[in-house]
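The exercises below are meant to be worked through with the sequence and the structure in view. Try each task before reading its solution.

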Amino acid sequence: MRREDVLRLPSMPAAGPSYPAGPYRFVNREFLVITYETDPELIRAGLPEPLEPIDQPIVHYEWIKMPDSSGFGSYTESGLVIPARLNGEEVNFVSQMYLDDDPPIAAGREIWGFPKKYAHPKLEIVKDTLTGTLEYAGQLVAMGTMGYKHESMAGNGDRTRATLSKTQINLKMIPGVDGRLEVCQLVAINLIDIVPKGSWMGPGRLHLVPHVNAPVADFPVRRCLGAHHYIADLTLPFGRVVHDYVKEAEAAAATGLAAE
Ligand SMILES: CC(=O)CC(=O)O
């Protein structure tokens, strides 16, 4: 392989890259999002500075079924998103993510810094109930339920588009070869080319079970506020760095040295 060939590779390993180059288009991406209240001090502790909590101590627990994802295939994901504020803007901090497919785990971590781990989420219609489950290492750690298509938001894709357009923030951490953090950044992402295809609201319930390696229950459910079921096509573009902890630490160290 020549240098040009190496530099053209989309990802590791060179023999059979884990994921291709984008664009990454998702068709019929189906969401179940249950919004609940938890304890404000846990939200504060779970948000890396300079992210700030919003006024209400709420968490969005999500299941996302992705049957047709270019480059990644068909998979399901589940996890926690915490609404927060960054420099005055309302954003969603992606706190935990669990999924069942290697290419989007590798790409999600390496490119955008999504906090992805391998597990077994499921989103399915069981009789009259939209049901999300998450199993980690053979144990059930989350179950969410919603009455199936009770209250249609048909003809109004605005709420879905607004929800999906909100800036997502990841804490991306990649060590260098010396084992120290080489990349430690907040990364912002805005989904594009969003085409809402259906939207339903209704009551929801959420059950979280403590597990050391999938600590979703570290944000306990105090009160369920409601559930949103929606389907959309969308594209995941590349992200942008909005905060760099390594550069900040280097600048602080240089300032300290200059002051000595
Ligand atoms: C590849 C990705 O990071 C997208 C997703 O799985 O949500």
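**Exercise 1. Find the strand order of the open sheet of four strands, and work out which strands stand at its edges.**

Solution. In this predicted model, the four strands of the open sheet follow the order S7-S8-S9-S14, and their pairing is antiparallel. Strand S7 (120-126) and S14 each have a single partner strand, so one side of each is left without a neighbour in the sheet, and these two are the edges. From one strand to the next, the twist averages 10°.

The pairings can then be followed one by one. Strand S8 (residues 129-136) and strand S9 (residues 139-147) run antiparallel to each other and are joined over eight bridges, one of which links Thr129 to its partner Gly147 in S9. Between the strands of this hairpin there are two residues, and Ala137 takes a positive phi near 50°. On the way to the edge, S9 pairs in the antiparallel sense with strand S14 (residues 204-208) over five bridges. Within this pairing, Ala142 has Leu208 as its bridge partner in S14, while Gly144 has Leu206.

**Exercise 2. Determine which residues surround the ligand, and which helix gives the most to this shell.**

Solution. Begin with the list itself: the residues around the ligand are Phe72, Glu77, Pro104, Ala107, Gly108, Trp112, Phe114 and Leu236. Next, sort them by class, which yields six nonpolar residues, one polar and one charged. Finally, look at where they lie along the chain: helix H3 (residues 102-112) gives the most to the shell, with four residues.

**Exercise 3. Identify the buried residues of H3, and name the strands against which they pack.**

Solution. The buried residues in H3 are Pro104, Ile105, Ala107, Gly108 and Trp112. As a reminder for reading such a list, an α-helix has 3.6 residues a turn, so residues three or four places apart point the same way. The buried residues of H3 pack against five named strands: strand S4 (73-86), strand S5 (89-99), strand S6 (116-118), strand S11 (168-175) and strand S12 (181-189). Just after the helix, Gly113 takes a positive phi of about 75°.

**Exercise 4. Explain why Leu99 counts as buried, and describe its contacts.**

Solution. The residue to examine, Leu99, lies in strand S5. Since the cut-off for a buried residue is 20 or more other C-beta atoms within 10 Å, Leu99 counts as buried because it has 24 C-beta neighbours inside 10 Å. When its neighbours within four places in sequence are left aside, Leu99 is in contact with Tyr75, Thr76, Glu77, Pro104, Ile105, Lys116, Ala119 and Pro121. For Ala119, a distance can be added: its C-alpha atom is separated from that of Leu99 by 5.2 Å, although the two residues are 20 residues apart along the chain.

**Exercise 5. Decide how the radius of gyration of the protein chain relates to that of a compact globule.**

Solution. Start from the number of residues: with 260 residues, a compact globule would have a radius of gyration near 18 Å, and the protein chain, with 19 Å, agrees with this. Along its principal axes, the C-alpha trace spans about 65 × 50 × 40 Å. Of the 260 residues, 32% count as buried. Among contacts with a separation of 6 or more, 64% come from residues 24 or more positions apart. The secondary structure of the protein chain comprises five helices and 16 strands.

Conventions
Residues are numbered from 1 along each chain as its sequence is written. This is a predicted model: local features need pLDDT of at least 70, side-chain atom pairs count only at pLDDT 80 or more; totals for chains, interfaces and linings use all residues. A residue is near a molecule or strand if its C-beta atom, placed from the backbone, lies within 6 Å of it. Ala, Val, Leu, Ile, Met, Phe, Trp, Tyr, Cys and Pro count as nonpolar, Asp, Glu, Lys and Arg as charged, and the others, Gly among them, as polar. Two strands pair if DSSP finds at least two bridges between them. A residue is buried if 20 or more other C-beta atoms lie within 10 Å of its own, exposed if 12 or fewer, and partly exposed in between; C-beta atoms are placed from the backbone. Two residues are in contact if their C-beta atoms, placed from the backbone, lie within 7 Å. Axes are lines fitted to C-alpha atoms, for helices over the stretch in contact, and angles run from 0 to 180 degrees between N-to-C directions. The radius of gyration is taken over C-alpha atoms; the globule rule is 2.2 Å times the number of residues to the power 0.38.
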